[in-house]
Structures are given as structure tokens and as C-alpha cells.
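Please open the model in your viewer and keep the selection panel at hand. The tour goes from one selection to the next and says what is found at each stop.

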Amino acid sequence: MKPAFALFTRADEPARLFHVVFHTRFLSASPFGCRLSARIAAGLLVGILGIGGATAQESAQENAASGGQTDHGGESKTVVDSPLNATPSELQGIISEEDRQKAIERWEKDIAKFDELDRTQSDPDNAVMLLGSSSIRLWSQAAEMLAPYPIIRRGYGGARYSDMVVFARRLISPHQYRALVVFIANDITGSEQDRTVEEVEKMVMHVIGVSKKVQPDAPILLVEVTPTPSRWKVWPEVRRLNEMFREVALTQPNVYCLTTAEYYLNADDTPRPELFLKDMLHQNEAGYLIWADLIGRRLDEILTDEEVQVSAAAGVQSE
């Protein structure tokens, strides 16, 4: 019998509802199957009701942030520099002081909204934190799709590693999390503001370092940048970026990389448009179902291994 998640892997294998229901019923016979089938069933309900992904209006708003990068309506550039923002000395050799200031001017209002959430809302216990750009920002049903993992979601549309390095401590430090999942997709888009893979690597290492200072034992999962029709012209460069994520995961302890590209490509290695909204950039419900399954299963593996290691260490200490 084909696993349920395989129904979503190829465009020439359409995932029909009765097939998924049939498979998930039989998967529920095993403990792993229970978790996987519950995740898929929740995703199907979200997809049927049409509430799992970004709406066209939300996507258009995010496009403005992640594409041309216009400023907030000609507002004053005078903003308060939070003490939790990375200092110029901390970012020396990563981004310039000018770029740091531009990031603060551009994103302060968005980050301040998260500050307010941190003051007024409490986090669930043993949560997984999702950090990143518009795909995280628009994933309103992440908690349902990634159940049973409780979720903390901190994403803003148009986020790049080049500004995340400024705000990483501010976004991460207020929280206690079991694992950190990072998806940021706007550093290579074909624009004049693009960074090189080597530059982005320094930024990724900075974000990893921030997380390790806040939660030294929490694993970090770097999610590959998705191949999208709207940015297909820069896919060769994005592939190099994804290769860098994998290399970082191989060299840094407790850092992992989730490869996703094959699930978003046709047999001829072109993007699958049916997984995206009309903007051909942001995922629709079908795309988020794939993401949820891949991220959820990888978290299962990582956190199960972590629990085994902790139990083993405790057993050695007690001997």
C-alpha cells in the first residue's frame, strides 16, 4: 500500500479525497500511522473548508513586501532602536551599519507588533517555534496542521536573512521552545537587493547562534526555499542556497535541513502551479498540506531521537 503522504509527491498522482480517507484509515493501525493520519485528516478538513492557506488579498499584501520592497507610505524614518536588536558590532562582517538601520526603519512596526504579542499572550508548553517570512506569516492553520505540536508563529512578509539577523534575538528570546523551524525565502529573488549565497551563510550562522544562546538544547530545522513559478528564473541560484543550508546542517550540531524541492516539482523538474495561489509565489492549501506533512514527520524524527538521547544520558548518570 502506498503511504498517504506519497499521494502528494507527484503531479501525475492526483490526491483524491476518497483515496486519502481510505489510506489514513488503514494507517491508523500503527502508532506512527495514527500521528500521520491525524495530521493529514486535519489538513484535509482545513483544505475542504478553505481556511488553511493565504487568501488572494493577503498574498497581494505580502507580495508588496517581498517583491519591490517599498517603504511604509513615506513615513518618518525616525524609529526607536530596541536594545534587543543586534548591535552594529554584533553584525560586523555580516551586514553594514547602513543596512542594519534600513532594516530597523522598514520593519520596526511589524516587529513591534510581535513585542506586544509577547507582552499579552503566553506560549503553550513544549512548543515548536516557526520563524520566517510570508509562508510562515500566512500559515494561519499551522497549529492544526502540525498537531500535536503546539506552535509559536513569528513570521513577517518579505523577511530576509539580511534583516532577520537584526531582529532574531528580539523575536526569539522571549520564548521557550522545544524546536525552532526557520523558513526565509527572500534573499535571492532576482532583485537588485539580492545577496550572495556566501553572504546569506553568515546570516544563517548568526540566527543559529542566537537560538543556541536562548535555547542551547533546542534543535533547529532549516527548511529549504521552495521552487515557485514566479521566481523560477533564479532557481539555479536558489538551489545553491539550499545546498548551503544542507552543508550548514552537516557541520553544525543539532541543526537539521528539510529538503522539500522534489515535492513541488513535476517529473520534468518544473514547478507545480497547482500548489500555489494566483501570484505563483505563496502556497495554497494543497501546498501547505505537503509542507505540514514534511515538517511534521521531520520533527517526529528529530524530537524522538532527542528524547532517546536524553533518556540514555540519564540512564548513564544513574548507574
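The stops below cover one helix, its charged partners, the aromatic rings and a last salt bridge.

This is a predicted model, in which local features need pLDDT of at least 70 and side-chain atom pairs count only at pLDDT 80 or more, while totals for chains, interfaces and linings use all residues. Residues are numbered from 1 along each chain as its sequence is written, and side-chain values use heavy atoms, with hydrogens and water left out.

**Helix H4**

Begin by selecting residues 97–120, which form helix H4; helices (H or I, at least four residues) and strands (E, at least two) are DSSP runs, numbered from the N terminus. H4 has 24 residues and reaches 32 Å from its first C-alpha to its last, close to the 34 Å expected at 1.5 Å a residue, where the expected span is 1.5 Å times one less than the number of residues. Now centre the view on Trp 107, where H4 bends by about 65°, the bend being the angle between axes fitted to the seven residues ending there and the seven starting there.

Colour H4 by accessibility, taking buried as under 20% relative accessible area, exposed as over 50% and partly exposed as in between (1.4 Å probe, protein chains only). The buried residues of H4 include Ala 103, Ile 104, Trp 107, Ile 111 and Phe 114, and among them are also the charged residues Arg 100, Arg 106, Glu 108, Asp 115 and Asp 118. With Trp 107 still in view, add Arg 106, whose charged end sits over the Trp 107 ring, 4.6 Å from its centre (the rule asks for NZ of Lys or CZ of Arg within 6 Å of the ring centre and within 35 degrees of the ring normal).

**Salt bridges of H4**

Which residue meets the side chain of Glu 108 in a salt bridge? Select Arg 170, which pairs with Glu 108 at 2.9 Å, N to O; a salt bridge is a side-chain nitrogen of Lys or Arg within 4 Å of a carboxyl oxygen of Asp or Glu. This pair links distant parts of the chain, with Glu 108 in helix H4 and Arg 170 in helix H7 (residues 161–172), 62 residues apart, and both Glu 108 and Arg 170 are buried.

Move next to Lys 102 and Glu 98, whose side chains form a salt bridge at 3.4 Å, N to O. Both lie in H4, four residues apart, about one turn of the helix. Lys 102 is partly exposed at 46% relative accessible area, whereas Glu 98, at 52%, counts as exposed.

**Aromatic rings**

Show the rings of Phe, Tyr and Trp (its six-membered ring), which pair if their centres lie within 6.5 Å, with planes under 30 degrees apart counted as stacked, over 60 as edge-to-face and the rest as tilted. The whole structure holds eight aromatic pairs. Trp 232 and Trp 235 have ring centres 5.8 Å apart and planes at 15°, so they are stacked; Trp 232 is partly exposed at 29%, and Trp 235 is buried at 10%. Then select Tyr 264 and Phe 276, with centres 6.2 Å apart and planes at 50°, so this pair is tilted. Tyr 264 is buried at 0%, as is Phe 276 at 5%. Ring pairs also link Trp 139, Phe 183, Tyr 288 and Trp 291 into a cluster.

**Last stop: helix H10**

Finish with Glu 301 and Arg 298, a salt bridge whose closest N and O atoms are 2.9 Å apart. Both residues lie in helix H10, three residues apart, about one turn of the helix.
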